[in-house]
Amino acid sequence: MRRKWEKLLNRLLTFAIVAVLLPLVVTIVMQRMELEEVIYGGKGAKADTSEEDLIGIVAKEIDIEAEREAILAQCVVARTNYYDAKKRGLTLPETLSEPELKKLWGDSYEKNYRLLADCIQETSHQVLTWNGESIYAAYHALSAGSTRNMQDVYPETKMPYLSAAPCVWDITAEGYLGVYYLEKKEITDKCREAFPDAELPEDGGEFPIAVESRDEAGYVLQVKVGGVVCTGEEFRACMELPSACFSVTELDGKIRIVTKGIGHGLGLSIHSAGEMAKEGMKYQEILSYFYPNTELKEKV
């Protein structure tokens, strides 16, 4: 009799536990299904791995706190570059793994993941094209007040959609202006390593660096370093500058370098895109502004 009562009590306890936990389990499952539906575009739909990959790419390229229309524009930019790289067998855009996203977002991981998944779904399969082919959707953090004309930088390229576009929003942005004071020896040592054929003084004599030419946006095209002519981007990389829009002057025995903007200055300015979104512009308008004469089409 005692065993029967024990069995009955065990069953009742089991039923009670199930009754308590079942709603919680159902809720978790339903939330997961809803999240997958946002990412994959419908109940029971097969996961589009390529689209899901975009979450980590977009998260690396733009701040999650940015305006939604700016994020939508960046989703299209990321997708365009991702599929173009896959098609051409090039290196894919850098991405953030799930552990990296969790570290970046902390307790906001689920919310932010859902936000990006929703933005990717809203722009589902959209890419920028020119003459029927996907474009090189260049982008950067902050221009020097205008984006650059690609043909000024690389005359041999045929990318008319990467033309100069005013970005007045960038001029007052945080990080727009950078001022650096360096010792002559520090600069010549770096230049000697990067440009071994340059004739650079050992005793800190006359400073042998001069800007030779700029493009219409103010970025340096050519700079002469000890008789060797290099590009503005090469000098920027040598000195680890945020931008190739720079000036170099000698002042009080030191060298002052002043930079404007962050990044190469080609294509979409992420900061300007955010400001344009605040003014009510939709992502399609933002993309059209930075990539004129392109078409927004669905990848097939």
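Where is Asn131 found? Asn131 sits in the loop between strand E1, residues 126-130, and strand E2. I'll start there and then move through the rest. One point beforehand: this is a predicted model.

Back to Asn131. Its phi is near 55°, which is a positive value in a residue other than glycine. For background, most residues other than glycine have a negative phi. As for the surroundings, Asn131 has a relative accessibility of 63%, so it counts as exposed.

There is another asparagine to put beside it. Asn293 has phi near 70°, again positive and again in a residue other than glycine. Asn293 lies in the loop between helix H10, residues 283-290, and strand E11, residues 295-298. Its relative accessible area is 66%, so Asn293 is exposed.

Now Glu133, which is placed in strand E2, residues 133-134. Is Glu133 buried, partly exposed or exposed? The relative accessibility is 39%, and because the partly exposed class runs between 20% and 50%, Glu133 counts as partly exposed. If we leave aside the neighbours within four places in sequence, Glu133 is in contact with Lys87 and Leu128. Glu133 can also be set against Glu295: the two are 162 residues apart in sequence, and their C-alpha atoms are 9.7 Å apart in space.

Next, helix packing, beginning with H10. Helix H3, residues 68-88, packs with H10 at an angle of about 55°, and the axes are 8 Å apart. H3 and H10 are therefore oblique to each other. H3 passes H10 in a right-handed crossing. Which residues make the contact? From H3 they are Glu69, Leu72, Ala73, Val76 and Val77, and from H10 they are Tyr283, Ile286 and Leu287.

The other helix pair is H7, residues 184-194, with H8. Here the packing angle is about 120° and the axes are 9 Å apart. That angle makes H7 oblique to H8. The crossing of H7 past H8 is right-handed. On the H7 side the contact is made by Ile187, Lys190, Cys191 and Ala194, and on the H8 side by Phe235, Cys238 and Met239.

Phe235 takes us to the aromatics. How many aromatic pairs are there? The count comes to seven. One of them is Phe235 with Phe246: the ring centres are 5.2 Å apart and the planes are at 35°, so the pair is tilted. The cut-off matters here, because planes under 30 degrees apart would count as stacked. This pair links distant parts of the chain, with Phe235 in helix H8, residues 232-239, and Phe246 in strand E8, residues 246-251, 11 residues apart. Both Phe235 and Phe246 are buried. So Phe235 appears in two places in this talk, in the contact of H8 with H7 and in the tilted ring pair with Phe246.

Elsewhere, Trp105, Tyr109 and Tyr113 form one aromatic cluster. Tyr109 has a charged neighbour as well: Lys102 lies over the face of the Tyr109 ring, at 5.4 Å from the ring centre.

To go back over the loops before I stop: Asn131 is in the loop between E1 and E2, and Asn293 is in the loop between H10 and E11. Phi is positive in Asn131 and also in Asn293. That is what I have.

Key: Residues are numbered from 1 along each chain as its sequence is written. This is a predicted model: local features need pLDDT of at least 70, side-chain atom pairs count only at pLDDT 80 or more; totals for chains, interfaces and linings use all residues. Side-chain values use heavy atoms; hydrogens and water are left out. Rings of Phe, Tyr and Trp (its six-membered ring) pair if their centres lie within 6.5 Å; planes under 30 degrees apart count as stacked, over 60 as edge-to-face and the rest as tilted. Helices (H or I, at least four residues) and strands (E, at least two) are DSSP runs, numbered from the N terminus. Buried means under 20% relative accessible area, exposed over 50%, partly exposed in between (1.4 Å probe, protein chains only). A charge sits over a ring if NZ of Lys or CZ of Arg is within 6 Å of the ring centre and within 35 degrees of the ring normal. Axes are lines fitted to C-alpha atoms, for helices over the stretch in contact, and angles run from 0 to 180 degrees between N-to-C directions. Angles under 35 degrees count as roughly parallel, over 145 as roughly antiparallel, 65 to 115 as roughly perpendicular and the rest as oblique. A crossing is left-handed if the near helix is turned anticlockwise from the far one by less than a right angle, and right-handed if clockwise. Contact means heavy atoms within 4.5 Å.
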